[in-house]
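Colleague: I've got this model open and I'd like a close look at how its helices pack. Please take me through one part slowly, with the cut-offs spelled out as you go.

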Amino acid sequence: MDKNIYTTGEYFKNNPTWDVEDSSWKAKQIMKIIKDNKIEPHSICEIGCGAGEILYQLYSQMSSNVFFSGYEISPQAFELCQQRKRDRVQFYLKDLPENEKIFSDIVLAIDVFEHVEDYLGFLRKLREKGLYKIFHIPLDLSVQTILRGSPIIKARQSVGHIHYFTKETAIATLIDAGYEIIDYFYTAGSIDLPIRSFKSFLARLPRKIIYKLNKDVAVRILGGYSLMVLTK
């Protein structure tokens with residue numbers, strides 16, 4: 001990860017809300033994969049927690065015996081986290097803690113490792129920090145993004161994505177880093193979240209129709225989806 005854009009405020013300048021508006025939806029997807037697999041955690045740690053809203057949403061929905069911790073390298077995002085601190089929700093202005101003996105029932109990395117320069121090294125370190133690990137991975141590579149080109153460049157320039165994945169390469173990456181895949185499903189941010197451009201509006205109906213017929217084909221051709229993955 002080029003930490004400069006996160007620590008100097010450049011990323012914050014381009015993304016002043018730090019995607020807080022999407023956090024409730026992301027928390028809903030996390031709750032789904034936890035409940036589907038009957039996991040009852042007592043501790044949840046999020047690496048790259050941004051403004052902390054995902055953890056706050058989980059705190060609001062989960063049992064009172066669950067403790068939450070968030071790690072973030074951006075001073076601007078960490079400042080936003082302070083609004084969301086609670087008795088069982090703590091935040092730290094730190095990178096992935098290598099030497100600290102932290103271990104959580106669940107570790108979250110939600111839209112994170114596509115930003116990290118040495119993403120395999122990052123994933124191998126993260127593996128030792130919890131029993132279960134949950135990833136949300138944007139699937140930036142599709143037929144339409146490759147043909148157009150501009151969505152990939154936009155992802156690089158505006159939100160700092162420096163690695164791009166399909167479902168197959170995302171899962172292969174996690175396996176290569178030593179993870180056991182337990183469960184995964186697509187998330188449809190392009191359909192569930194508010195429309196942000198006219199092009200997104202035009203693509204919404206075809207995405208819905210093709211997805212109902214064949215999920216994998218819709219994701220590969222039209223894109224607009226991410227992958228939620230539960231691992232050990």
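Modeller: I'll start with one helix pair, then go through residues around it, a second pair and the cysteines.

A word on ground rules: this is a predicted model, so local features need pLDDT of at least 70 and side-chain atom pairs count only at pLDDT 80 or more, while totals for chains, interfaces and linings use all residues. Residues are numbered from 1 along each chain as its sequence is written, and side-chain values use heavy atoms, with hydrogens and water left out.

Two packed helices are described by the angle between their axes and the distance between the axes. Helices here are DSSP runs of H or I with at least four residues, strands are E runs of at least two, and both are numbered from the N terminus. The axes are lines fitted to C-alpha atoms, for helices over the stretch in contact, and the angles run from 0 to 180 degrees between N-to-C directions.

Now to your close look. Helix 3 covers residues 20–36 and helix 4 covers residues 53–61; their axes lie 8 Å apart and make an angle of about 50°. That makes the pair oblique, given that under 35 degrees is roughly parallel, over 145 roughly antiparallel, 65 to 115 roughly perpendicular and the rest oblique. The crossing of helix 3 over helix 4 is right-handed, meaning the near helix is turned clockwise from the far one by less than a right angle, where anticlockwise would be left-handed.

Who actually touches whom? With contact taken as heavy atoms within 4.5 Å, the helix 3 side brings Val-20, Ser-23, Ser-24, Lys-26, Ala-27, Ile-30 and Met-31, and the helix 4 side answers with Glu-53, Ile-54, Gln-57, Leu-58 and Gln-61. Sort the contact by class and you get six nonpolar, four polar and two charged residues. For that sorting, Ala, Val, Leu, Ile, Met, Phe, Trp, Tyr, Cys and Pro are nonpolar, Asp, Glu, Lys and Arg are charged, and the others, Gly among them, are polar.

Click on Ile-30 next, which sits in helix 3. Its relative accessibility is 0%, so Ile-30 counts as buried (buried is under 20% relative accessible area, exposed over 50%, partly exposed in between, with a 1.4 Å probe and protein chains only). Setting aside residues up to four places away in sequence, Ile-30 touches Ile-54 and Leu-58, and also Leu-108, Ile-110, Ile-134 and Met-228. Ile-5 is another story: 25 residues separate it from Ile-30 along the chain, and their C-alpha atoms are 27 Å apart.

Further along helix 3 there's Ile-34, buried at a relative accessible area of 3%. With neighbours up to four places away left out, Ile-34 touches Ile-39, Pro-41, Met-62, Ile-106 and Ile-134. From Ile-34 to Ser-63 you go 29 residues in sequence and 13 Å in space, C-alpha to C-alpha.

Then look at the loop between helix 3 and strand 1 (43–47), where you'll find Lys-38. Lys-38 has a phi near 55°, positive even though the residue isn't glycine, and at 72% relative accessibility Lys-38 counts as exposed. Asp-111, in the loop between strand 4 (104–110) and helix 6, has a positive phi of about 55° and is no glycine either. Asp-111 counts as buried, though, at 17% relative accessibility.

That brings us to the second pair. Helix 6 (residues 119–126) and helix 9 (residues 167–176) pack with axes 9 Å apart at about 55°, so they are oblique to each other, and the crossing is right-handed. Tyr-119, Leu-120, Leu-123 and Arg-124 from helix 6 meet Thr-173, Leu-174 and Asp-176 from helix 9; that is four nonpolar, one polar and two charged residues. Leu-123 is buried at 0% relative accessible area, and beyond four places in sequence its contacts include Phe-113, Phe-135, Ala-177 and Tyr-179.

Last, the cysteines: there are zero disulfides in the structure, a disulfide being a pair of cysteine sulfur atoms within 2.5 Å. The sulfurs of Cys-81 and Cys-49 are 4.0 Å apart, too far for a bond. Both residues are buried, Cys-49 at 6% relative accessibility and Cys-81 at 0%.
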